[in-house]
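Visitor: Please take me slowly through one pocket and the elements around it. I would like a close look at that single part, with a little of the rest for context.

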Amino acid sequence: MAAAHKLKNFFSEKIDKLRKKIVSFLRYQKPIAGLAITLNSIDVVIFDEKKGGMFSEKIAIKSLSVESVEEGLKKLKDKFGKSLSSVVISVPPFWSYISVFEFPLLAENDQIEEAMELASSALPIPEEKIYSDWMFLENKNIKKRETILEMTPSELIGPYLAVFEKNKISVIAAENYAWSFGQFLAEGDDTTMVVMEQPGMITFSIYDGRIPYFYFNLPRDKFDNNKEFLSAALHYLKSLTHFVLADDSKARQVNSIIVIGADELVNNFKSVVEIKIQKGFSLTSDLQNINDLGFLSALGAVKRGFIPRKKDDIVSLLPIGTELAYERHRMLSFIDFVQKFSIGFAGFLIVIFLSALLMIKALSSGIEQSLAKETALPTDVAEIKGKAVIFNENVLKLSLINNSAIFWEKIFIEIDKIVSATGVVLNQLSADESGNLIFSGNAPTRDSLIELKDRLAGSSVFSAESLPLSLFLSKENINFSVKAKLKDANFLYQIK
């Protein structure tokens, strides 16, 4: 009875965990993470509702090289595990460029959208070599319609995105520090300047409400000494306090200045302008004048994560839109969950079957030993012996059934080894007892399809037919179908 009670509790716990995972998936109950890459650190802030709070971590890195960033990500992944599965990343402002476009107040949305598409395609850089995104701006003080376009070279941010994907971290949106800091500002039409001091440069950002309307990078290496550099910084600070003309030809004046930097920079600025200057952001009553560039950028990124995906129209430096990136991550998570559940459930059935088989073999072994010790058998014992012979015959038949059982989960395991390393997504799989196998899916890029082809060619288990050359003519979103056969059909029947 005690064993039966334990078994019942075991099944109840497994079913409850499965139910919670399904509910979590359907309700989008995933931890929200913001991650900032700086010149000397990777900062992450994670809001995990299940664990009841906000968690942060700073990992030092040697440089902004892709290799250093990957080392830092691996350390964070080891610490946070599945809590670091999808992130909004924040990168340095000099990685991207923004421009504001003005349109008449009566311009229609479709006209503006067409104009922005032309603006993106009319750049001197080939369209496929940049990631660009744009959004509408709203300001009651200006009697015209405005949009803001942001872009970055794909060869700059692309390798970093690949590192995130390699470590199974899905990037939902990518922005620079200026956009992350906007999450701390009040909505409306107030004009704010944020000055960021970074190693080697100072960045001046002008905000219209929460939107960085303009930013300018002042590199330190353009000046002979620190005195000249500070003098230039003061010059641009005074010039940018009256940064743009409104419709009434009056300059829109900066209302406040927030400085993320050293005391020397703050004190020099206070000596030349009368506008209120504050060092760092005051987030709560307990978090006053926070001045850590990496932490603030990561926190701003995680605040963006609270915006419902369908309402997040903030520009993002990704090859696909924010909502599409989020839905792609959910689909990949669901497929991974189904695959692992199928393999795990098959393994659970194997354990139950083998346990029953061992019990039968132990019982039959005991009967054989008892019968071997008999010398003279009474009539009733002879009857028992006859029944025992029949029982042994049945055990032998059961063993034969076990030897001929097909272990389909072995195919799932081998397919998962090949597919998980390529990035392709499977949507259909079929196989028969003769070892014939057909599966189809979608490859996000031509490189991932080539990787799948190479791994199938080098497989010791499968012998696959060649993929049609026509599939490799497309660069992205390639639907494919593969016919393969087991090199040894006995693979399905062997227990390792």
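Guide: Happy to. When I say helix or strand, I mean a DSSP run: a helix is a run of H or I with at least four residues, a strand is a run of E with at least two, and the numbering starts at the N terminus. Please keep in mind that this is a predicted model. Counted in that way, the protein chain holds 12 helices and 19 strands. Of its 496 residues, 41% are buried. Among contacts with a separation of 6 or more, 63% join residues that are 24 or more positions apart.

Now to the part you asked about, the second largest pocket. The space in it comes to about 930 Å³. Three elements give two or more residues each to its lining: strand S6 (130-137), strand S7 (145-153) and helix H5 (177-182). S6 provides the largest share, with five residues. There are 30 lining residues altogether, and those nearest the centre of the pocket are Met135, Phe136, Glu138, Ile211 and Asp313. As for the chemistry of the walls, 13 of the lining residues are charged, 10 are nonpolar and seven are polar.

Two of those lining elements, S6 and S7, also belong to one sheet, so let us follow them there. This open sheet has three strands in the order S5-S7-S6, and the pairing is antiparallel. Its edges are strand S5 (97-103) and S6, each of which pairs on one side only. On average, neighbouring strands of the sheet are turned by 20° against each other, direction ignored. Between S5 and S7 there are seven bridges, again in the antiparallel sense. Within that pair, Ser99 stands opposite Leu149 of S7.

A helix joins the picture here. H4 lies across S6 and S7, and runs at about 70° to S7. Following the chain onward, the loop between helix H4 (154-166) and strand S8 (170-176) contains Lys168. What is the sign of phi at Lys168? Phi is positive there, near 55°, and the residue is not a glycine. As background, most residues other than glycine have a negative phi. Lys168 has a relative accessible area of 62%, and it counts as exposed because that value is over 50%.

Asn477 makes a good companion to that residue. Asn477 is not a glycine either, yet its phi is positive, at about 55°. Asn477, however, sits in a strand, S19 (residues 476-486). With a relative accessible area of 57%, Asn477 is exposed.

For contrast, let us finish with a buried position. Ile418 belongs to helix H11 (residues 409-419). Its relative accessibility is 8%, so Ile418 is buried, as the value is under 20%. Which residues does Ile418 touch, leaving aside its neighbours within four places in sequence? The contacts are Leu452, Arg455, Leu456, Ser459 and Phe462. Take Ser459 from that set: it stands 41 residues from Ile418 in sequence, while the two C-alpha atoms are 8.3 Å apart in space.

To return to your pocket, the thread to keep hold of is S6: it gives the largest share of the lining, it forms an edge of the three-stranded sheet, and H4 lies across it and S7.

Methods. Residues numbered from 1 in each chain as written. Predicted model: local features only at pLDDT ≥ 70, side-chain atom pairs only at ≥ 80, totals over all residues. Heavy atoms only, no water. 1 Å grid on protein atoms, 1.4 Å probe; cavity = no way out; pocket = protein on both sides within 12 Å on 5 of 7 lines; lining within 4 Å. Points joined across faces, edges and corners; volume = space filled by probe spheres on them. Nonpolar A, V, L, I, M, F, W, Y, C, P; charged D, E, K, R; others polar. Buried < 20%, exposed > 50% of the residue type's maximum accessible area, 1.4 Å probe, protein only. Pairing = 2+ DSSP bridges. Axes fitted to C-alpha atoms, helices over the stretch in contact; angles between N-to-C directions. Contact = heavy atoms within 4.5 Å.
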